[in-house]
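Hi,

Here is the structure I promised to pass on. Have a look at it first, and then read my notes below.

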Amino acid sequence: MTTVGHEDLGAALAEDEFVIPTYNDIGADVPEEIASQRCTYLCGNSLGPLAKRSQFLIQEELCVWATRAVEGHFDHPHGREWMTIADTVTPLLADLVGAKDKEVACMGTLTANLHLMMSAFYKPTPNRYKILCEGKAFPSDQYAFASQALFHGYDPKDAIVELGPREGEFTLRSSDVLDVIVKQGSSIALVIFSGVQYYTGQWFPMKEITEAAKDQGCICGWDLAHAIGNVPLSLHDWDVDFAVWCSYKYLNSGPGGIGGLFVHERWESTKTPQFAGWWGHDPTTRFLMPPDFSPIPGAQGFQQSNPSVLTTVSLLGSLQVFKRVGMMKPLRERSVSLTAHLEVLLRQTGFYVSSHEAAKYSPDDPPRFTIITPVERESRGAQLSLLFLPTESNVMERVLSHLKSAGVIGDERKPDVIRLTPAPLYNTKRDCERAAEVLKRAFEAISKST
């Protein structure tokens, strides 16, 4: 196995461990001499690339399926019996979220898991029924919150308290979140935020928000879709009640990959699944097919069906790469360095304006951009969200077109944001430099045409 230093880690892993699309693969308009090189992929916040280990493990499982069929559940040539396939990833997931193994279940998908957790933890009463969340949370979360409120007979407009940034600001102030919890805590049943906000990239102060919620008698849960594998987490020590996540972003498990959930061990004896399934039943008697449900203690009792083997081993392949590099501590150190490097380069393009200037921007001002992700390292992960100005113009689309044409892959969030994410597992400083170079050229071309 290759031994690498901190500076060369991303390049070595991109070469050894991941399949990154080439410029040719994505149809980039680049010189022929670099067309076969890997593109500048800065979109791991949306979909991580294919880990070579995942590709290998999936092929192994297809072979086992072909040669062992149903016997693969109990007799597996590589020791990964399908009956216990989730056990191969549970310890690694627990490490990433800062939990005990029994507090974690690899299962389902994010929104389905969110509904399972809310069915167990959102127990509104006439005096305590509100759900506190960030404004403009990911839409699937918003739909889940609203449908849960409706299920319990409450009007979402009354039951859901959405916190937005102050006028002229782009992210939430921690003090504003904590103040609302203190002032309205007696009426709040559930505090649930994204660990890292998908649009702005803001990493919320999870420990402080959890503590404030618990002090007011509220349940506190987290959507970790953009946090797991991106920032260090300590769910058990922070006394988080529950959390849910997907695995296809920073965990690189593939499109539609298997999800996961966390339930603090404090709830082991008092929170049993409201909607039970056979995979959450005691495995020692599961195949005796008893009529009465006997849940596995802890998070794994919430399992309903047997997990997809192919999506689980795809996740396993990527998690093995996390383990190779030492999990989150070294990755976080490298992530902080990479994102700061990208930020400096973007600010130096000559087309950056401060967020204070952006708040006062007019439609007649020249095309520019700002960064709406917090500057402070403790308030962000790998992602930077670029807001293009003037807003509600076509600047973002034109810049995105230039980036794609040059083989720089980020993603858009309409109407005016492009997210660029140097992921520490496979991105490099050169990726950051090329992205900034291309963005600068895009603005130069746009400026000449206006």
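**After helix α12**

Let me start at a single residue: α12 is followed by G407, whose phi is positive, near 80°. Before going further, please keep in mind that this is a predicted model.

Now for α12 itself. Which of its residues are buried? In α12 they are V395, M396, V399, L400 and L403. These cover an arc of only 125° around the axis, which puts them on the same side of α12. That fits a general point: an α-helix has 3.6 residues a turn, so residues three or four places apart point the same way. And what covers the buried residues of α12? The cover includes β12, β13 (408-409), β14, β15 and α13 (429-449).

**The sheet and its helices**

Several of those strands belong to an open sheet. It has 4 strands, in the order β11-β12-β15-β14, and the pairing is antiparallel. At the edges stand β11 (368-371) and β14 (411-413); each has a single partner strand, so one side of each is left without a neighbour in the sheet. From one strand to the next, the twist averages 30°.

In the middle of that order, β12 (residues 384-389) pairs with β15 (residues 417-420) in the antiparallel sense, over 4 bridges. If you want a spot to zoom in on, L387 stands opposite V417 in β15. Helix α12 (residues 395-405) packs on this sheet, where it touches β12, β14 and β15, and its direction makes about 35° with that of β15.

Another helix to look at here is α10 (residues 328-347). It lies across β11, β12 and β15, and runs at about 15° to β12.

Helix α13 comes in again through A436, which has its place in that helix. Is A436 buried or exposed? It is buried, with a relative accessible area of 6%. Leaving aside its neighbours within four places in sequence, A436 is in contact with L345, L346 and T349. A436 is also 168 residues from E268 in sequence, and the two are 49 Å apart in space, C-alpha to C-alpha.

**A pair of helices**

Elsewhere, have a look at α7 (residues 174-184) and α8 (residues 206-215). They pack at an angle of about 10°, and their axes are 9 Å apart. That makes α7 roughly parallel to α8. Which residues meet there? From α7 come V177, L178 and I181, and from α8 come E208, I209, A212 and A213. By type, the residues of this contact divide into 6 nonpolar, no polar and 1 charged.

**Two serines**

I also picked out two serines. S194 lies in strand β7 (residues 188-194), and at 4% relative accessibility it counts as buried. Once its neighbours within four places in sequence are left aside, S194 is in contact with E134, D141, F204, W222 and D223. There is a link back to α8's stretch of the chain too: S194 and M206 are 12 residues apart in sequence and 9.1 Å apart in space, C-alpha to C-alpha.

The other one, S314, has its place in helix α9 (residues 309-324). S314 is buried, with a relative accessible area of 6%. Its contacts, again leaving aside neighbours within four places in sequence, are with S54, I58, N252 and S253.

Happy browsing!

Conventions: Residues numbered from 1 in each chain as written. Predicted model: local features only at pLDDT ≥ 70, side-chain atom pairs only at ≥ 80, totals over all residues. Heavy atoms only, no water. Pairing = 2+ DSSP bridges. Axes fitted to C-alpha atoms, helices over the stretch in contact; angles between N-to-C directions. Contact = heavy atoms within 4.5 Å. Parallel < 35°, antiparallel > 145°, perpendicular 65-115°, else oblique. Nonpolar A, V, L, I, M, F, W, Y, C, P; charged D, E, K, R; others polar. Buried < 20%, exposed > 50% of the residue type's maximum accessible area, 1.4 Å probe, protein only. Arc of directions from axis to C-beta.
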